[in-house]
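Me: I have a model open and would like to understand the labels people put on it. Could you go through the reasoning with me?

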Amino acid sequence: MYQSMTTPLIEMRDIYKSFPGHRRGSPIQALRGVSLSLQRGETLAIIGESGCGKTTLGHIMARMSAPDRGQILFDGIDVTRPRRRQRNALRRKIQMVLQDSGAAFNPFWRVGSALRAPLKIIRHANPTQRAQEVLEAVGLPLSVMHQFPQELSGGQRQRLNIARALTIAPELLIADEPTSALDVSVQARIIQLLADLNTQHHLSMVVITHNLATVPYLTRTVAIMYLGRIVEWGASDDVLYAPRHPYTRLLIDSLPGRRGRRAAPPMGEVPSPVHPPPGCAFHPRCVRAQSICREIMPELSGASLSPRREACHFPLDG
Ligand SMILES: Nc1ncnc2c1ncn2[C@@H]1O[C@H](COP(=O)(O)OP(=O)(O)OP(=O)(O)O)[C@@H](O)[C@H]1O
């Protein structure tokens, strides 16, 4: 089917997801109406504190779990409830790099076997050559083919993790906290690698992170999440250098070692997703909150395709 140039690679419309609460209590509302879209070749960071729903969103995007409500389109085609063949095709097109690079590998398989396995499933003509290509793409020596994953350093294992995701040439790579388990010096190199994969190989990418500082190097667009909703959306530079949502401001002010930073208000804690506060869920922590914020949930401003949007009754002027 012909797709116009502007058809997003992936589009999520009003996605909801809950998990059963503890001891048959109220459900955990992990996602509460998330909508976003990503054009082919574009990069998006999803930012927020722990428990805001980033990983849940990533899993749904990668079609590893189904939403309770909402719609997902890939290349303009509805894949919300894919049939088996469609699901298998999607698995090839969307790959996810998970947080813990060590746990992702079978310790009894050498790297070469681990890389060739998915290629054999799809009956690739030359699995060994493809495995070598992806090792080169991620900057690993070909000699690692003969090693076991546990013989590699943390940084090498994360490169391998990325290499494995690339073997079957996905159209979308989702990386969940790709650097969180690594030393600071190694983090920078993995970030550079991901950025290169986008610029040199035009790989579309979603990076889930709570490390704001890496975002301007990594992605063009950023979505700030709070308690299961996107509260600010826009070009990374715009959002991070001139935030409009007070939550984004709070995240930036809490970055360690910011020179000349103003005194940050106390961060407080993210409320429970079992009973999100009414109105704007951020209001209990917001210094600008007024009565309307406690009563009416603000929607993202502007049209759905506008480049800069925030969900706040009293946005900052940036
Ligand atoms: N499989 C699950 N079963 C029950 N609750 C879950 C499950 N997965 C996530 N949750 C809950 O859903 C909420 C959102 O979790 P999620 O992992 O998506 O957040 P996150 O922003 O990625 O956090 P982190 O940065 O800590 O990974 C949390 O309250 C979490 O405890």
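Me: How many nonpolar, polar and charged residues does the shell around the ligand have?

Reply: Happy to help, and please keep in mind that this is a predicted model. By class, the shell around the ligand has 5 nonpolar, 7 polar and 1 charged residues. In total, 13 residues surround the ligand, and the closest are Phe19, Ser50, Lys54, Thr55 and Thr56.

Me: Which elements give two or more residues to the shell around the ligand?

Reply: Those are strand E2 (28-38) and helix H1 (54-61). H1 provides the largest share, 3 residues.

Me: Why are H3 and H4 called oblique to each other?

Reply: Set the angle against the cut-offs. Helix H3 (residues 111-121) and helix H4 (residues 127-137) pack at about 120°, with their axes 9 Å apart. Roughly perpendicular covers 65 to 115 degrees and roughly antiparallel needs an angle over 145, with the rest between them counted as oblique. The pair H3 and H4 is therefore oblique, and its crossing is right-handed.

Me: Which residues of H3 and H4 meet?

Reply: From H3 come Gly112, Leu115, Arg116, Leu119 and Lys120, and they meet Pro127, Thr128, Arg130, Ala131 and Val134 of H4. Sorted by class, the residues of this contact are 5 nonpolar, 2 polar and 3 charged.

Me: What makes H5 and H6 roughly parallel to each other?

Reply: The same kind of check works here. Helix H5 (residues 154-166) and helix H6 (residues 184-201) pack at an angle of about 15°, and their axes are 10 Å apart. Angles under 35 degrees count as roughly parallel, and H5 and H6 therefore earn that label. Their crossing is right-handed.

Me: Which residues make up the contact of H5 with H6?

Reply: Gly154, Gly155, Gln158, Arg159 and Ile162 in H5 meet Val186, Arg189, Ile190 and Leu193 in H6. By class, that contact has 4 nonpolar, 3 polar and 2 charged residues.

Me: Why do E6 and E11 count as edges of their sheet?

Reply: Start with the order, which is E6-E7-E8-E3-E9-E10-E11 in an open sheet of 7 strands with mixed pairing. Strand E6 (94-97) and strand E11 (309-310) each have a single partner strand, so one side of each is left without a neighbour in the sheet. As for the packing on this sheet, H1 touches strand E3 (43-47), E6, strand E7 (172-176), strand E8 (204-209) and E9, and its direction makes about 155° with that of E8.

Me: How do you know that E9 and E10 pair?

Reply: Pairing requires at least two bridges between the strands. Strand E9 (residues 221-226) and strand E10 (residues 229-235) are joined by 6 bridges and run antiparallel, and the pair therefore passes that test. Within it, Met225 stands opposite Ile230 in E10.

Me: What makes E2 and E5 the edge strands of the sheet of 4 strands?

Reply: That open sheet has the order E2-E1-E4-E5, with antiparallel pairing. E2 and strand E5 (77-78) each pair on one side only. Strand E1 (residues 10-19) is joined to E2 by 8 bridges, and the two run antiparallel. The bridge partner of Ile10 in E2 is Leu38. H1 packs on this sheet as well, touching E1 and E2, and its direction makes about 125° with that of E1.

Conventions: Residues are numbered from 1 along each chain as its sequence is written. This is a predicted model: local features need pLDDT of at least 70, side-chain atom pairs count only at pLDDT 80 or more; totals for chains, interfaces and linings use all residues. Axes are lines fitted to C-alpha atoms, for helices over the stretch in contact, and angles run from 0 to 180 degrees between N-to-C directions. A crossing is left-handed if the near helix is turned anticlockwise from the far one by less than a right angle, and right-handed if clockwise. Two residues are in contact if their C-beta atoms, placed from the backbone, lie within 7 Å. Ala, Val, Leu, Ile, Met, Phe, Trp, Tyr, Cys and Pro count as nonpolar, Asp, Glu, Lys and Arg as charged, and the others, Gly among them, as polar. A residue is near a molecule or strand if its C-beta atom, placed from the backbone, lies within 6 Å of it.
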